[in-house]
Amino acid sequence: MPNHSSTYQPEPGQGVRSAAEEKMMSVGDDKKAKGWLGSEQRRLLIQEYGIFLAFLILVAVLSVSNEFFLTAGNISNVLLQTSINGVLAIGMTFVILTRGIDLSVGSVVALAGIVSASFVTSSATAGISGAPYPVALGIGIGLLVGIACGAVSGLIVSRFSVPAFVATLGMLSAARGLTLIYGGGRPVPALTPAFRWIGTGDVFGIPAPVIILAIVFAVSWWILNRTRFGRYIYAVGGNPHAARTSGINITRIQFVVYVISGGLAGFAGMLLSARTGSALPQAGIAYELDAIAAVVIGGTSLSGGVGRVTGTLIGALIIGVMNNGLDLMGIQSYYQQVLKGALIVGAVMLDQKRNYGA
Amino acid sequence: MELLLEVEGLKKSFGGVAALRDGRFQLRAGTVHALCGGNGAGKSTFLKILMGIFKRDAGAIRRRGKEVEFTSPADALASGIAIIEQELSPVPHMTVAENIYLGREPKARFGGIDFRAMNRSAQKLLDDLEFDIRATSYMMNLSVAQMQLVEIAKALSHDAEVIFMDEPTSAIGEREAQHLFDAIRRLQAQGRGIVYVSHRLSEIFQIADSYTVFRDGAYVGSGALADIDRPGLIRMIVGRELSEEYVKTNAPTPETGIEVVALSCPNKIEDISFSVRKGEIFGIYGLMGAGRTEIFNCLFGLDKPSAGRVAVDGAEVTISKPADAMALGLALVTEDRKLTGLNLSDSVRANICMASLPEMSPAFAMDRTREARASRDMREQFQIKAARDTMPVSGLSGGNQQKVVLGKWFLRNPKVLLLDEPTRGVDVGAKREIYRIISDFAAAGGTVVMISSEIDEVLGMSDRIMVMRAGRSAGIFSREETDAQSLVHLST
């Protein structure tokens, strides 16, 4: 009986394919090889774009069933709702690709949000002395807080070999506690309009958070698909032993992905406080779950090495569109959670069937 | 005489691609039957159908003349067919006895497990096989070779009449292999039928009495091993003439390539010294766990030696991480390509380029044309058969996967090649290509250190051979002054 729990075993689906493909290769017939390529391409097409198709179907169904869904105002609203989760999920993709997980992002959202807010508030009591400072300083501080949290998690995971689940669970608790300590449990209100622009402003009608999400996505796509560092991430997640033997510094890669996730979580925290106009100590609770859900729905494997940031973006959009669609249909938010749960598990079930099913 | 097992016209396709077109097989009682064929010949598919893992598309399987249909491995076992798989599947936190009787533990009162009876019968089983293993020790504390032996004992404990062994010796040493062969002979004498699947022809000639050859998913021929010689069998497996099994064109030069003096690593290796010249192939022979791989780990910066000196090209060097070793022109082809050699989920191209990424991306962003070119060059040079180099490397046969690992390192133009079991799990045809690659590399002035537990390979390829025993060197011999017997003798 094969033991599927151990990570080094070849996956059963791959074994099956290997025999068949080798067979094909030994035939060496050009025409047949092309036919095989066709089916291989079809398989890849479904694998790459299956999630995109699911998204389009969801959109089509919602536009038919509700006339309000496809209006510019609503689309902009969905994108706005998705932007924060999208930024978090993209950071999470980096971590999950290396076989890790970052449970702390929700707490880091709150901490970075409240620390940065204290620099850009016009409230006389809630801010630090001298506030409000220029927006750039506030954003820089928020990013630094996120990066620092990520660096601590990354250090614990990569240097001390603590499982990512445990290390970031610790950070989840610690960052939330620091948020409450820093703000004394009180929100920081009255953020300056200049700072609020990143959450509420727009360029030619496109909301600023959506533009920010687009930039984060584009840069992440480039890093993961076109750079040496991106290759390292896939190699470390796919097979850390082979990566190490190939001269890759896996400790450093593991460290950096948590820094990226932390930095993006810090940024998301500022987007959130900028949008609502004040930083709340209880902000971002359970945000890590939506971020992980988007990554998983997007087809990234929790066992590392396999996945695309494009899938993550679509995963985040699916969650956003679904929440919005159910809102429009007037379905209670309690039911939405149940449906979201079913969606997450269903997406992974389909994925398993596609990869390993006969 | 009634046949224990008879298979006719077995067919199986995956997504329109035939993996098995015409599987035929006959097994008589009291025989050891070798099932031969290259990678992709359809052996694994054949075994998986017999195990009840795959459903056949067509064909008949008869067990003692009766049609059978298996839908799960349990069905096959119930019908008296046991299979020892190549991939180990131990439960590490259980004892040897618990692993052997997993799922059929002897019952005690109140539904508990009768541990005493279980340990006793497990120990008897192991003793009968003359395997030196305690039934009460935990699986995780055993060596790979010992785990393989437990797997064998487990299959035998089912009291099956037909026993398939898929590459049973791929992870065990010569001495354990001899124990296994003794056990096989005893089973044979009891009138059981053993099907022996292996790439190692010398083992097949040693233990089997008849053979069946598959090629490209179809039956090619069968007969008694007494009626065929080694080149003849190879010809059937490969489907063409192979002039020589081993390729050796290199000649050592007077210059030293790598020198190791008194290398030690606590509890692993002790006082290892050797010096390999440019153009030389230096073999390291020994049993599993004799400290062979540990030498490479120390040389490549994967492990920290406690004492000793290493000199490359005459200059003393310090290697504390793989990147240091790579900068000095060392390359390490590891023992287990799936575990430490390849990123299976990634593409052929990404794997070939994995050890050369800094060179491939001078400005952080990858130079994709250069990547594609490097991959194409390596695929051409080593004749790696892959439909496209963007397909996952997991879809390649063992031989082609191994060539991808070689390609990854040759891309770096290494000066010293450290090879750990370079042909494990690779079929005869691909083996010869790998030998040619190694030989060409040495002939061009490269330095090769090669670990192998296949005795013919060590003798066929090496200029000199170091024998390892329990973490120490048992001597260095030139290929002319030694033979298989003395190597085995020295290693045990």
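Domain bounds, as I use them here, come from an automatic or database domain assignment. I keep that in mind for every entry on domains below, and I note at the outset that this is a predicted model.

**Entry 1: the two domains of chain B**

I looked up how chain B is split, and found domain 1 at 3-238 and domain 2 at 256-491. The centres of domain 1 and domain 2 of chain B, taken over C-alpha atoms, are 31 Å apart. I then checked the contact between them: 19 residues come from domain 1 of chain B and 19 residues from domain 2 of chain B. On the domain 1 side, helix H5 (144-157), H6 and helix H8 (230-238) of chain B each give at least two residues. H8(B) supplies the largest share of that side, with three residues. Sorted by class, the residues on the side of domain 1 of chain B that touches domain 2 of chain B are seven nonpolar, eight polar and four charged.

**Entry 2: the four-stranded sheet**

Next I traced an open sheet of four strands in chain B, and I read its order as E12-E11-E14-E15, with antiparallel pairing. Strand E12 (269-277) and strand E15 (315-317) of chain B are the edge strands, each pairing on one side only. From one strand to the next, the twist averages 20 degrees.

I followed strand E11 (residues 256-265) of chain B and found that E11(B) and E12(B) pair in the antiparallel sense over six bridges. Two of the pairs I wrote down are Ile258(B) with its bridge partner Val276(B), and Thr256(B) opposite Arg277(B). The hairpin of E11(B) and E12(B) has three residues between the strands, and there Asn267(B) takes a positive phi near 65 degrees. E11(B) also runs antiparallel to E14(B), joined by five bridges. In that pairing I noted Val260(B) opposite Val310(B) in E14(B).

**Entry 3: the six-stranded sheet**

I then turned to an open sheet of six strands in chain B, with the order E16-E17-E18-E13-E19-E20 and mixed pairing. Its edge strands are strand E16 (330-333) and strand E20 (472-478) of chain B. The twist here averages 15 degrees from one strand to the next. Strand E13 (residues 281-286) and strand E18 (residues 447-452) of chain B pair in the parallel sense over five bridges, and Phe282(B) stands opposite Val449(B) in E18(B).

**Entry 4: helices of chain B**

Which strands of the four-stranded sheet does helix H9 (residues 292-299) of chain B lie across? I found E11, E12 and strand E14 (307-312) of chain B, with H9(B) running at about 110 degrees to E11(B). H9(B) also lies across E13, E16, strand E17 (416-420), E18 and strand E19 (464-469) of chain B, at about 145 degrees to E17(B). Helix H16 (residues 428-443) of chain B lies across E13, E17 and E18 of chain B, and runs at about 150 degrees to E18(B).

I also checked helix H15 (residues 398-410) of chain B: its 13 residues reach 18 Å from first C-alpha to last, close to the 18 Å expected at 1.5 Å a residue. Since 13 of the 13 residues of H15(B) are buried, this helix is largely enclosed by the rest of the structure.

**Entry 5: positive phi in two loops**

Most residues other than glycine have a negative phi, so I stopped at two exceptions. Phe204(A) has a positive phi of about 50 degrees and is found in the loop between strand E1 (202-203) and strand E2 (206-207) of chain A. Glu167(B) has a positive phi near 50 degrees and lies in the loop between strand E7 (162-166) and helix H6 (174-189) of chain B.

Is each of them buried or exposed? Phe204(A) is exposed because 5 other C-beta atoms lie within 10 Å, and 12 or fewer counts as exposed. Glu167(B) is buried because it has 20 other C-beta atoms within 10 Å, and 20 or more is the cut-off for that.

**Entry 6: chain A**

I ended with chain A, which has 14 helices and two strands. Of its 358 residues, 50% count as buried. Among contacts in chain A between residues at least 6 apart in sequence, 76% join residues at least 24 apart.

Chain A is divided into domain 1 (15-65) and domain 2 (69-356). Eight residues of domain 1 of chain A are in contact with 13 residues of domain 2 of chain A. The domain 1 side of that contact has six nonpolar, two polar and no charged residues.

Terms used: Residues numbered from 1 in each chain as written. Chains lettered and ligands numbered in written order. Predicted model: local features only at pLDDT ≥ 70, side-chain atom pairs only at ≥ 80, totals over all residues. Expected span 1.5 Å × (residues − 1). Contact = placed C-beta atoms within 7 Å. Nonpolar A, V, L, I, M, F, W, Y, C, P; charged D, E, K, R; others polar. Pairing = 2+ DSSP bridges. Axes fitted to C-alpha atoms, helices over the stretch in contact; angles between N-to-C directions.
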